[in-house]
Protein chains: 2
Amino acid sequence: MRIGELARRGGTTTRALRYYESLGLLSSRRGANGQREYDEDDLRLVNEIRSLADIGFALEDTRPFVQCLRDGHRTGDACPASVEVYRRKVAELDACISRLQAVRDQVRAQLQEAEQRSRPCGR
Amino acid sequence: MRIGELARRGGTTTRALRYYESLGLLSSRRGANGQREYDEDDLRLVNEIRSLADIGFALEDTRPFVQCLRDGHRTGDACPASVEVYRRKVAELDACISRLQAVRDQVRAQLQEAEQRSRPCGR
DNA sequence: CTCCGCCTTGACGTGGACGTCAAGTCCAGT
DNA sequence: ACTGGACTTGACGTCCACGTCAAGGCGGAG
């Protein structure tokens, strides 16, 4: 299939696919007319990239998963490097969530206080 | 005081202060030599901007707080517009935290599963 | 032949909050 | 007089994941 179909079936755009290729995440054979030619395995790679990117993984962090699939594994997370990214991501998410919760609690407290001041006499 | 001192005392840089001025968050009198001249009230504004920006507020979201101080209130959150930003921020934070928690749980599950597969026979 | 849709590369634009550099001005100290 | 530090404006660079536009090529339908 050509790039348009791959984009459509992968739920993304041709621009994004060329961008992934520029990063070395995707590779492509060229047909006689110079156009990129893809197969079902490439669609698998695109799906892996998208599903990870959609939940907030940086494209660089999808690289081990893509490589893992290229190496013939059935899933992108069957390799140590991918699992390591999982671990790091969970740690990052934990830290991020904790920080946001602290900020939320702080803002909530400020909100409470400000509302208190605007209605000084009971109510 | 001049911009260098204000930056130092406000825990930021001269570049940032000029940027705030370009956004209309900060204003400045010019001395005879064309240099910016600030007072303690300006330092108060800078502190307000920084304390909000440091916890993730966009600069635009600090505008009501700055305006509130300019209007002579003792705190930046003594005005309805500021309180409204607080409310919106809490809602945004709640949504963001929920999303990140869902992602974290999903990644955790994937991690568990991947580790399971790599050690198939008990252990 | 012409049109349309698909493809190609190259390059600039986006957003947010500045960093960094250039070239010049101004003032205090020695 | 000179040096050094602080100041001025203007403008380009950064990060990330593309969006968007330009200018052109290629193939099939009518």
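This is a short walk through a predicted model with protein chains A and B and DNA strands C and D.

Start with chain A. This chain holds five helices and two strands. Follow the sequence and the order reads α-α-β-β-α-α-α. Is chain A spread out or a compact globule? Its radius of gyration is 22 Å, and the globule rule gives 14 Å for 123 residues. The value is well over the rule, so chain A is more spread out than a compact globule. The spans of the C-alpha trace can be listed too. Along the principal axes of chain A they come to about 80 × 30 × 20 Å.

Now look at where the two protein chains touch. Here 25 residues of chain A are in contact with 25 residues of chain B. On the chain A side, 13 of these residues are nonpolar, four are polar and eight are charged.

Helix 5 is part of the picture in both chains. In chain A helix 5 covers residues 80–118, and in chain B helix 5 also covers residues 80–118. The axes of these two helices come within 8 Å. They cross at roughly 160 degrees. Angles over 145 degrees count as roughly antiparallel. Helix 5 of chain A is therefore roughly antiparallel to helix 5 of chain B. The crossing of helix 5 of chain A with helix 5 of chain B is left-handed. Which kinds of residue form this contact between helix 5 of chain A and helix 5 of chain B? There are 22 nonpolar, four polar and 12 charged residues.

Next, move inside chain B. Helix 3 (residues 40–54) packs with helix 4 (residues 59–70) of chain B at an angle of about 145 degrees. Their axes lie 9 Å apart. This crossing of helix 3 and helix 4 of chain B is right-handed. From helix 3, the residues that meet helix 4 include L45(B), I49(B) and L52(B). From helix 4, those that meet helix 3 include F65(B), V66(B) and L69(B). By class, the contact of helix 3 with helix 4 of chain B has eight nonpolar residues, one polar and two charged.

Finally, turn to the DNA. Strand C is surrounded by 17 residues. The closest are R2(A), G4(A) and R36(A) from chain A, with A16(B) and A58(B) from chain B. Helix 1 and helix 2 of chain A, together with helix 2 of chain B, each give two or more residues to this surface near DNA strand C. That surface near strand C has six nonpolar, six polar and five charged residues.

What surrounds DNA strand D? Again there are 17 residues, and the closest are A16(A), A58(A), R2(B), G4(B) and R36(B). Helix 2 of chain A and helices 1 and 2 of chain B each supply at least two residues of the surface near DNA strand D. Six residues of the surface near strand D are nonpolar, six are polar and five are charged.

Technical notes. Residues are numbered from 1 along each chain as its sequence is written. Chains are lettered from A and ligands numbered from 1 in the order in which they are written. This is a predicted model: local features need pLDDT of at least 70, side-chain atom pairs count only at pLDDT 80 or more; totals for chains, interfaces and linings use all residues. Axes are lines fitted to C-alpha atoms, for helices over the stretch in contact, and angles run from 0 to 180 degrees between N-to-C directions. Helices (H or I, at least four residues) and strands (E, at least two) are DSSP runs, numbered from the N terminus. Angles under 35 degrees count as roughly parallel, over 145 as roughly antiparallel, 65 to 115 as roughly perpendicular and the rest as oblique. A crossing is left-handed if the near helix is turned anticlockwise from the far one by less than a right angle, and right-handed if clockwise. Ala, Val, Leu, Ile, Met, Phe, Trp, Tyr, Cys and Pro count as nonpolar, Asp, Glu, Lys and Arg as charged, and the others, Gly among them, as polar. Two residues are in contact if their C-beta atoms, placed from the backbone, lie within 7 Å. A residue is near a molecule or strand if its C-beta atom, placed from the backbone, lies within 6 Å of it. The radius of gyration is taken over C-alpha atoms; the globule rule is 2.2 Å times the number of residues to the power 0.38.
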